[in-house]
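Here is a friendly walk through a two-chain model, written for someone who would rather picture a fold than read a list of numbers. Keep the structure open beside the text and follow along.

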Amino acid sequence: MPEHLSRPEAQQLPERVTMPLLTLITQQSLDEDYLHVAERQAAGAPRPPRVRPHRTAAVVIAVFGILVTTAAVQTSRNADITDASRASLVSQIGDRRATVSDLQDRIVRLRESNVGLEQQLNQVTSTEQDAASRVTRLETVAGYVPVTGEGVRIVVDDAPNGDATQAVRDEDLAKLVDGLWSAGAEAIAINGYRLTVLSAIRNVNVAIHVNSRPLTPPYTVEAIGDTRTLQANLLDSTLGSEFFSLAEQLGFVYSMHNVDELSLPAARFPRLRSVQAGTSADQKTHMDEETNP
Amino acid sequence: MIAALGLLVGILLGLWFRPDVPLGLEPYLPIAVVASLDAVFGGLRAYLDGIFDDKVFVVSFISNVVIAAAIVYLGDKLGVGGQLSTGVIVVLGIRIFSNVAAIRRHLFHA
């Protein structure tokens with residue numbers, strides 16, 4: 001607000017309005033009424049007749065004394081209760097602190113056991129992964145499941161002249177199959193018959209039997225494995241090179257090429273008669289053997 | 001002299017009877033004591049100033065006590081009882097101090 005506007009108004013206002021609050025309280029600490037009465041008396045008003053001077057004041061002072069005493073008595077009477085409630089609060093605080101520290105200890109214990117359990121979980125998970133991969137490996141080797149993957153297809157046929165001595169025999173196919181196993185093949189089938197660890201290849205008369213089932217030429221050997229290395233490994237291996245030199249000598253008709261996707265069926269399973277489930281201790285020893293077949 | 005006697009009688013009565021303050025009024029007792037203290041010191045100063053008046057003293061005593069208690073009661077109802085009683089005590093305390101200062105000037109001329 002502009003100065004020149006507020007100035008005349010402020011002069012009109014009474015002093016008690018414009019005075020700061022603290023100053024007002026300090027200056028008017030004495031009740032104004034005393035002054036008013038004194039001024040009235042000084043102006044000549046008749047002094048009220050005072051028969052018993054200050055008796056009323058004494059009564060009021062007595063009331064004041066009663067008031068003060070009552071307050072003091074009340075406070076001292078309540079002191080016990082206040083102390084008691086404070087003591088109970090203090091003991092409650094102590095109890096709660098103990099509870100809190102107990103709970104914190106429990107948190108620590110639970111965290112530690114949590115860590116232990118996590119480690120156990122990790123161990124169990126890795127064991128489970130090992131077992132799963134082992135199951136997959138065993139299933140593949142045992143021909144338990146149909147498998148697909150890139151691999152090599154080798155087609156072998158008897159020599160075209162029809163000479164019985166130049167026909168493909170069981171040992172030739174066995175050499176080829178063993179060469180493929182040693183070259184890193186993971187699953188092998190001949191003419192759609194899956195080879196497993198129990199499979200046998202043998203001649204009955206002129207026909208070759210695989211798993212006691214007769215085959216007719218041409219013999220299609222399908223092996224799933226790494227196509228980048230399987231053929232080269234086969235040629236490098238003793239059995240493979242023996243087979244191919246034999247095939248050259250006897251004039252077998254054969255071809256070998258990589259296939260992007262081969263599908264081999266599951267093997268037929270012989271009925272188990274004598275085998276019983278082993279214990280976990282047996283499993284442990286067998287696992288070591290399987291890792292190095 | 002008669003006032004001092006009255007104070008003594010009041011204290012003795014209070015000690016003798018130990019009146020029970022109703023539980024509802026208990027929080028207002030300290031405020032009432034401070035307000036009455038203000039009135040008493042005001043009266044004493046007026047006495048020393050030579051302008052003491054019975055009627056003014058009685059009225060100021062009663063009105064101080066009632067108004068202080070009423071303000072705190074109102075504050076309790078509004079939920080600001082603690083703050084209002086603090087304000088009342090501050091104002092009354094300032095008045096008591098300045099009154100006591102005036103009394104001191106009268107008694108010791110210092």
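## Two chains, side by side

Read from its start to its end, chain B follows the pattern α-α-α-α. That comes to 4 helices and 0 strands. This is a predicted model, and everything below should be read in that light.

Chain A mixes its elements, with 9 helices and 8 strands. The table sets the two chains next to each other.

| Chain | Residues | Buried residues | Share of contacts (separation of 6 or more) that join residues 24 or more apart |
|---|---|---|---|
| A | 293 residues | 21% | 81% |
| B | 110 residues | 32% | 68% |

## Where the chains meet

How many residues of chain B are in contact with chain A? There are 39 of them, and they touch 30 residues of chain A. On the chain B side, α1 (2–17), α2, α3 and α4 each give two or more residues. The biggest share comes from α1(B), with 11 residues. Sorted by class, this side of chain B has 24 nonpolar, 9 polar and 6 charged residues.

## Two nonpolar cores

In soluble globular proteins, nonpolar side chains tend to be buried together. Here the largest nonpolar core has 33 residues, and it includes residues of both chains: A:Ile61, B:Ile31, B:Ala32, B:Ala35 and B:Ala68 have the most contacts inside it. The elements that each supply at least two residues of this core are α4 (32–42) and α5 (55–142) of chain A, along with α2 (29–49), α3 (54–78) and α4 (81–108) of chain B. Of these, α5(A) gives the most, with 10 residues.

B:Ala32 is a good place to zoom in. Beyond its neighbours within four places in sequence, B:Ala32 is in contact with A:Leu67 from the other chain and with B:Val65, B:Ala68 and B:Ala69 from its own.

Apart from this core lies another, of 31 residues, among them A:Leu173, A:Tyr193, A:Ile224 and A:Leu264.

## The five-stranded sheet of chain A

Chain A has an open sheet of 5 strands in the order β3-β2-β7-β1-β8, with antiparallel pairing. As for how such strands are held, they pair through backbone hydrogen bonds, either parallel or antiparallel. The edges of this sheet are β3 and β8 (253–264), each of which pairs on one side only. From one strand to the next, the twist averages 25°.

Within the sheet, β1 (147–157) and β7 (219–224) of chain A run antiparallel and are joined by 6 bridges. One bridge pairs A:Arg153 with A:Glu222 in β7(A). Helix α6(A) packs on the sheet, where it touches β1, β2, β3 and β7 of chain A, and its direction makes about 10° with that of β7(A).

Between β2 (187–190) and β3 (193–195) of chain A there is a loop that holds A:Asn191. What is the sign of phi at A:Asn191? It is positive, near 50°, in a residue other than glycine. For comparison, most residues other than glycine have a negative phi. A:Asn191 counts as partly exposed because it has 16 C-beta neighbours inside 10 Å, between the limits of 12 or fewer for exposed and 20 or more for buried.

## A helix pair in chain A

Helix α6 (170–183) also meets helix α8 (238–250) of chain A: their axes come within 7 Å and cross at roughly 145°. The crossing is left-handed. Contact is made by residues including A:Leu176 and A:Gly179 of α6(A) and A:Phe243 and A:Leu246 of α8(A). By class, this contact has 5 nonpolar, 3 polar and 4 charged residues.

## Strands β4, β5 and β6 of chain A

Strand β5 (207–210) of chain A pairs antiparallel with β4 (201–204) over 4 bridges, and 3 bridges join β5(A) to the antiparallel strand β6 (213–215). A:Ile208 of β5(A) stands opposite A:Asn203 and also opposite A:Leu215 in β6(A).

Are A:Ile208 and A:Val210 buried or exposed? Both are buried and point to one face of β5(A), while A:Ala207 and A:His209 point to the other and are not buried. The hairpin of β5(A) and β6(A) has 2 residues between the strands, and here A:Asn211 takes a positive phi near 55°.

Note on methods:
Residues numbered from 1 in each chain as written. Chains lettered and ligands numbered in written order. Predicted model: local features only at pLDDT ≥ 70, side-chain atom pairs only at ≥ 80, totals over all residues. Contact = placed C-beta atoms within 7 Å. Core = buried A, V, L, I, M, F, W, Y, C linked by C-beta atoms within 7 Å. Nonpolar A, V, L, I, M, F, W, Y, C, P; charged D, E, K, R; others polar. Axes fitted to C-alpha atoms, helices over the stretch in contact; angles between N-to-C directions. Left-handed = near helix turned anticlockwise from the far one by under 90°. Pairing = 2+ DSSP bridges.
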